[in-house]
Amino acid sequence: MTGCSSSESSQGSESAVSSEVSQTQTTTVENEPEKVTSVSIGHKDPEDYGKVIALTFDDGPNTSTTGEVLDLFERYGVRGTFFLIGDNINEQSAENVKRAYQMGCEIANHSKTHSYMNKMTPEEIKAEIDFTSDKIEEITGVRPTFFRPPYIAVNQTMFDTIDMPFINGYGCTDYDAKVDAQARYEKTMAQAKDGAIILFHDAQGNFQTVQALEMIIPDLLEQGYELVTVSELFYAKGIEIRPDTDIIYSYPEQTTMY
Ligand SMILES: [Zn+2]
């Protein structure tokens, strides 16, 4: 599986959204929004949180990088969120999904095949989502709450078809092998702020992100950040998780699409 395109980590500057989207954004939904149950929520009140950041990882699971990220999480006692590609889930890689979930990490959906879903029919989109959500539920017993579109490519058909909130994030171009660990570290620290969702890739062989995390995690902790799951980030910020918004979130308070 190759890494994501350059659009995946950008903050929507090169969006694949069609111009129709903005016109339909204000249409009212037919049904009352269904409340999504969150996983891995802490036992404290939202007002008891300080600065929070959600570290998120795309394109796993696998038996190498995913485990190395979890080793670091264990060392520092932190958690994160893994957006899985359904086709990467097999008997071996599922062990790291189980391990992550047992450590309090959140498991989320990153499609089945990692294709451009904005070119798909509603039926094809639904099949991509259901395959991966079913696999995740088989492993963890819990259906995922969040979805991250491959390449952050979205259109209105996807928003209408996928009954999960869409997650973006602040990336450090860590799908590009030419961007070394130091550059990934520096870009991440420059973008770090209270409430941010940070986007990494735990794709097979992406050791430079593991090296960057060896610097990023202790530095963020040193700066007073609490590293939480995406569900917990919304909880800490007092923002309801709604599956029906046409938003692709890089932080919970976001009200515009990007
Ligand atoms: Zn991806």
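**View 1. Threonine 161 is partly exposed, with 18 other C-beta atoms within 10 Å.** Here a residue counts as buried if 20 or more other C-beta atoms lie within 10 Å of its own, as exposed if 12 or fewer do, and as partly exposed in between, with C-beta atoms placed from the backbone. This is a predicted model, where local features need pLDDT of at least 70, side-chain atom pairs count only at pLDDT 80 or more, and totals for chains, interfaces and linings use all residues. Residues are numbered from 1 along each chain as its sequence is written. Threonine 161 sits in helix 5 (residues 156-161); helices (H or I, at least four residues) and strands (E, at least two) are DSSP runs, numbered from the N terminus. Leaving aside residues up to four places away in sequence, threonine 161 touches Pro122, Ile125 and Lys126, a contact being two C-beta atoms, placed from the backbone, that lie within 7 Å. Look also for threonine 121: 40 residues separate it from threonine 161 in sequence, yet their C-alpha atoms are 9.5 Å apart.

**View 2. Strand 1 (residues 51-60) is mostly covered, and it has three parallel partners to find.** Nine of the ten residues of strand 1 are buried. Two strands pair if DSSP finds at least two bridges between them. Strand 1 runs parallel to strand 7 (residues 225-227) over three bridges, and isoleucine 53 stands opposite leucine 227 there. Five bridges, again in the parallel sense, link strand 1 to strand 6 (residues 197-201), while four join strand 1 to strand 2 (residues 81-84). Threonine 56 is a handy landmark: leucine 199 stands opposite it in strand 6, and threonine 81 is its bridge partner in strand 2.

**View 3. The largest nonpolar core has 55 residues.** Such a core is a set of buried Ala, Val, Leu, Ile, Met, Phe, Trp, Tyr and Cys residues joined through C-beta atoms within 7 Å. Ile53, Ile197 and Ile198 have the most contacts inside this core. Beyond residues up to four places away in sequence, isoleucine 198 touches several residues, among them Ile53, Ala54, Leu55 and Thr56.

**View 4. Helix 2 (residues 65-76) has a buried side and, on the other side, exposed residues.** Thr65, Thr66, Val69, Leu70 and Phe73 are buried in helix 2. They cover an arc of only 140° around the axis, so they lie on the same side of helix 2; the arc is that of the directions from the helix axis to the C-beta atoms. An α-helix has 3.6 residues a turn, so residues three or four places apart point the same way. The buried residues pack against strand 1, helix 3 (93-102) and helix 7 (207-222). On the other side of helix 2, you will find Asp71, Glu74 and Arg75 exposed. Just past the end of helix 2, glycine 77 takes a positive phi of about 65°.

**View 5. Strand 3 (residues 106-109) is covered on both faces.** Glu106 and Ala108 are buried on one side, Ile107 and Asn109 on the other. Strand 2 and strand 3 run parallel, joined by four bridges, with phenylalanine 83 opposite alanine 108. Strand 2, helix 3 and strand 3 make a right-handed β-α-β unit, as do strand 1, helix 2 and strand 2. A crossover is right-handed if, with the strands pointing away from the viewer, the path from the first strand over the helix to the second runs clockwise.
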